[in-house]
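Visitor: I am new to this structure. Could you walk me through some of the labels people attach to its residues?

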Amino acid sequence: MTVLAEPPTKQPATDKRQLPGRRRRRSGAGRTMKGGKLAYAILIAAVLVSAFPFYWTIVAASRSNADLAKVPPTLLPGPNLIRNFEAVMEEADIGKALVNSFIVSGSITVGTVLCCTLAGFAFAKLRFRGRGALLAITVGTMMIPPQLGVIPLFMLIAELQWVNQLQAVILPGLVSAFGVFFMRQYLVQSLPDELIEAARVDGASTARIFWSIVVPIARPGMAVLGMLTFMAAWNDFFWPIVALSSQEPTVQVALRQLGGGYVHDQSVIMAGTLLGTLPVLLVFGLLGRQIVGGIMQGAVKG
């Protein structure tokens, strides 16, 4: 009994000219990019340079004024941090200043994000007469130095009897030209016109389109604008010191009262600066990951 061998199956013909290119594409798509030693060294140096001012603030806040005057200065934290914090509480009403700063910064952030998103949506997707001229005027106000408007603004709040009241600082910052332009550019790129047209066909009003379509899509941009606005409002010193007094201070106004005397106590000043910086770092630590995640989510959807 003889067993017949099966004829060899023919392999499908392949174009050898495509193999190298296909291999290159696969290797390029699956390849993980790794930084070299030089890239890691540059990144580490950038992190150290960026973090050193905050580290020096901690060192100076935990030392005495005599330790800071030594040459070369010490680079290690000392034992006087709690004592300097107590001195800050005695020289300035830092607790009330922190509460006032949270109220001012939070109100300005909420108002700016809401108003700028509304205005950005109008400039980006709505058609109305004079839209280009109004946008040009809005962007043009960014070129005017804010110091030029201090005198008329102070005259206005004095006429309204708002001097030394928090609304004198909150209301002028509820809208910013940068925020309007930022949200307008974001919505032009991220909000398709087809979604608005489909909502119009379904009978949705402009307000319903804004809350149901625009806000979910604009959430990453709103988060970035909110973080930038909160940090700018928290660190603002020029207008609060004009409109407020030592009885209703923000953090930056309260810090001006520290370290008084013939020789300024730099350690107490740095302790107050550290107290004023920690809330901003806390807010950034809580919202930073959500902001980055929102930006990446919006990029993937786009």
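Guide: Happily; this is a predicted model, and we will take a few labels one by one.

Visitor: Why is glutamine 252 called buried?

Guide: Glutamine 252 has a relative accessible area of 16%. Buried means under 20%, so glutamine 252 earns the label.

Visitor: Where is glutamine 252 found, and what does its side chain reach?

Guide: Glutamine 252 is in helix α13, residues 251-255. Its side chain reaches the backbone oxygen of tryptophan 234 at 3.1 Å. A polar contact needs N or O atoms within 3.5 Å, and 3.1 Å fits that limit. Beyond its neighbours within four places in sequence, glutamine 252 touches Trp234, Asn235, Asp236 and Phe237.

Visitor: How many aromatic pairs does the structure hold?

Guide: There are 6 aromatic pairs. One of them joins phenylalanine 210 and tryptophan 211, with ring centres 5.2 Å apart and planes at 80°.

Visitor: What makes the pair of phenylalanine 210 and tryptophan 211 edge-to-face?

Guide: Centres within 6.5 Å make a pair, and planes over 60 degrees apart make it edge-to-face. With 5.2 Å and 80°, the two rings meet both conditions, so the pair is edge-to-face.

Visitor: Are phenylalanine 210 and tryptophan 211 buried or exposed?

Guide: Phenylalanine 210 has a relative accessible area of 3%, so it is buried. Tryptophan 211 has 54%, and because exposed means over 50%, tryptophan 211 is exposed.

Visitor: Why do phenylalanine 230 and tryptophan 234 count as stacked?

Guide: Their planes are 25° apart, with 5.9 Å from centre to centre. Stacked means under 30 degrees, so the label fits. Both residues are buried, and both lie in helix α11 (residues 206-235), 4 residues apart, about one turn of the helix. Together with Phe102, Phe230 and Trp234 form one aromatic cluster.

Visitor: What makes the peptide bond from valine 71 to proline 72 cis?

Guide: Its omega is near 0°. Most peptide bonds are trans. Proline 72 sits in the loop between α3 (65-68) and α4 (81-91).

Visitor: What is said of phi in glutamine 161 and asparagine 164?

Guide: Phi is near 60° in glutamine 161 and about 65° in asparagine 164. Both values are positive, though neither residue is a glycine. Most residues other than glycine have a negative phi.

Visitor: How do you know that asparagine 164 is partly exposed?

Guide: Its relative accessibility is 24%. Partly exposed covers the range between under 20% and over 50%, so asparagine 164 belongs there. Glutamine 161, at 65%, is exposed.

Technical notes. Residues are numbered from 1 along each chain as its sequence is written. This is a predicted model: local features need pLDDT of at least 70, side-chain atom pairs count only at pLDDT 80 or more; totals for chains, interfaces and linings use all residues. Side-chain values use heavy atoms; hydrogens and water are left out. Helices (H or I, at least four residues) and strands (E, at least two) are DSSP runs, numbered from the N terminus. Buried means under 20% relative accessible area, exposed over 50%, partly exposed in between (1.4 Å probe, protein chains only). A polar contact is a pair of N or O atoms within 3.5 Å; within protein, one must be able to donate a hydrogen and the other to accept it, and residues adjacent in sequence count only if both atoms are side-chain atoms. Contact means heavy atoms within 4.5 Å.
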